[in-house]
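Colleague: I am new to this one. Could you take a single helix and walk me through it closely?

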Amino acid sequence: MAAVAGVTGGEAAPVRVLIVDDDALVRAGLSMILGGVPDVRVVGEAADGAEVPAAVEAYAPDVVLMDIRMPRVDGLAATEALRALPRPPEVLVLTTFDADDQVLRALRAGAGGFLLKDTPPAEIVQAVRRVAAGEATLSPTVTRKLITHVTAAGAAGPDPRAQRARRLLDGLTEREREVAVALGRGRTNAEISAELFMSVATVKAYVSRLLTKLGLNNRVQVALLVHDAGLV
């Protein structure tokens, strides 16, 4: 996850956000929403995915709010490029349609979550905070879409992605598997802690171990793997 906040004078530094959208009104609206929040700072904007690498280098954001559909380089390609960096910022995808297959592709590319553009302001702020803290979870809408997607794939016959997911998850210990399934259900660290009777620190350690063991870079990708395997 992104290095969200060092500690200066006992206070956590604000979450640094880069807004990427080809619609100037959307950028202005998001800047207005996030600009009034003490622990979040909009450090820059970009109008296309082609501008993202230079903007990330210039502004060092913790979180990139990334539109999917842009004229030259779309958000999917930009997300893949960012997540390949040694210390990538977290990516929170912006979309107009929650049923868009591109959302799944963006999550597989390494995005930490997604927002609909008509999401209420308070929820946008909370989503930014959670993604920055590595606590990104799947909304019920996306979870339902994943279930539908996996069910349809299974009905169509053997799915290489499902077979690969099961092979990877078969290499986990029973406890690691329980944590992975909880992530697949969209649980937060605190919820997993309560469900599995372990401390939050232990949950975080298990999540880190899962990412290393499965060769993934965030908890959303673990959730996708669990869904691919048909475990939730």
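Modeller: Here is a close look at helix H10 and what surrounds it. The model is predicted: local features need pLDDT of at least 70, side-chain atom pairs count only at pLDDT 80 or more, and totals for chains, interfaces and linings use all residues. Residues are numbered from 1 along each chain as its sequence is written, and side-chain values use heavy atoms, without hydrogens and water.

Start with length. Helix H10 covers residues 200-214, 15 residues in total. Helices are DSSP runs (H or I, at least four residues), strands likewise (E, at least two), numbered from the N terminus. The expected span is 1.5 Å times one less than the number of residues. For H10 that gives 21 Å, and the end C-alpha atoms are 21 Å apart, so the two agree.

Now the sides. Val203, Tyr206, Val207, Leu210, Leu211 and Leu214 are buried. Buried means under 20% relative accessible area, exposed over 50%, partly exposed in between (1.4 Å probe, protein chains only). These buried residues share one side of H10, because their arc around the axis is only 140°. The arc is taken from the directions from the helix axis to the C-beta atoms. On the other side, Ala201 and Thr212 are exposed.

What does the buried side of H10 pack against? Its partners are helix H7 (160-170), helix H8 (174-184), helix H9 (189-196) and helix H11. Contact here means heavy atoms within 4.5 Å.

Last, the end. Gly215 follows H10, and its phi is positive, near 70°.
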